[in-house]
Amino acid sequence: RAVMHGDLTVLDPIWTTANMSAYHGAMLYDTLFGIDANLDTKPQMVAKWGASDDKKTWTFELRDGLKFSDGAALTTDDVIASLRRWAARDGAGQHMMQRVVDIAKKDDKTFQFILKEPYGYLVDALGKTSTPLCYIMRKKEAETNPMEKITAYVGSGPYIFNEAETRQ
């Protein structure tokens, strides 16, 4: 159970910058990277990552066994759709996307950022903790217009959203 300090009126953590929605989102969704106690960016859903010699291609491999709360496997299709939706609403994401040629799927666990120029803040942008965070949603919800709220809440994180027990 989560008891917020006020009404949680928006459940879509990408659509709003409200901290309460972000806190709720952090219980429901996971992120590719996070911040540790020393404020260093560390992997969460990512097992391996690295940049090409020219720093214009970054390759990320997801950890084994990632699933959504409905039991469906989490794949790079979900990640890429989530990245695009988040980047459309977030300042750091918009700044990053000015340098992105493409976010490409290599396979179900591996994706790449192909950049116009080296961008040293890429991993930090993906792991930032200010709203909106780069939460990973199912492709189905992540393909929702970023200017519209999602209406289904199937998470990639540690908790399951019980809509039947939610009062708004």
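Let's begin where strand 6 (residues 100-107) meets strand 7: the two run antiparallel and are joined by six bridges. This is a predicted model, and this pair of strands makes a good way in. The connection between strand 6 and strand 7 is a hairpin, made through two residues. To find your place along the pair, look for I103, which stands opposite F113 in strand 7.

Now turn to the other neighbour of strand 7. Strand 5 (residues 57-62) pairs with strand 7 over five bridges, again in the antiparallel sense. Here E61 has T110 of strand 7 as its bridge partner. In general, the strands of a sheet pair through backbone hydrogen bonds, and the pairing can be parallel or antiparallel.

One further step brings in strand 4, which pairs with strand 5 over five bridges in the antiparallel sense. A handy marker for this pairing is G50, which stands opposite T59 in strand 5. Put together, these pairings give an open sheet of four strands in the order 4-5-7-6, with antiparallel pairing. Strand 4 (46-51) and strand 6 stand at the edges with a single partner strand each, so each of them has one side without a neighbour in the sheet. From one strand to the next, the twist averages 15°.

How enclosed is strand 7 by the rest of the structure? Counting a residue as buried when its relative accessible area is under 20%, five of the six residues of strand 7 (residues 110-115) are buried, so the strand is largely enclosed by the rest of the structure. Helix 2 (residues 76-89) lies across strand 5, strand 6 and strand 7, and runs at about 165° to strand 6.

That brings us to the packing of side chains. In soluble globular proteins, nonpolar side chains tend to be buried together. Here the largest nonpolar core has 44 residues, and L32, F60, L83, M96, F111, F113 and L126 are those with the most contacts inside it. The elements giving two or more residues to this core are helix 1 (19-28), strand 5, helix 2, strand 6, strand 7, helix 4 (122-127) and strand 8 (135-136). Helix 2 provides the largest share, six residues.

To see the packing from a single side chain's viewpoint, pick L126. Leaving aside residues up to four places away in sequence, L126 touches L32, F33, F60, L83, W86, M96, F113 and C134. F113 is a familiar name by now: this residue of strand 7 is the one that I103 stands opposite.

Technical notes:
Residues are numbered from 1 along each chain as its sequence is written. This is a predicted model: local features need pLDDT of at least 70, side-chain atom pairs count only at pLDDT 80 or more; totals for chains, interfaces and linings use all residues. Side-chain values use heavy atoms; hydrogens and water are left out. Buried means under 20% relative accessible area, exposed over 50%, partly exposed in between (1.4 Å probe, protein chains only). Two strands pair if DSSP finds at least two bridges between them. Axes are lines fitted to C-alpha atoms, for helices over the stretch in contact, and angles run from 0 to 180 degrees between N-to-C directions. Contact means heavy atoms within 4.5 Å. A nonpolar core is a set of buried Ala, Val, Leu, Ile, Met, Phe, Trp, Tyr and Cys residues joined through side-chain atoms within 4.5 Å.
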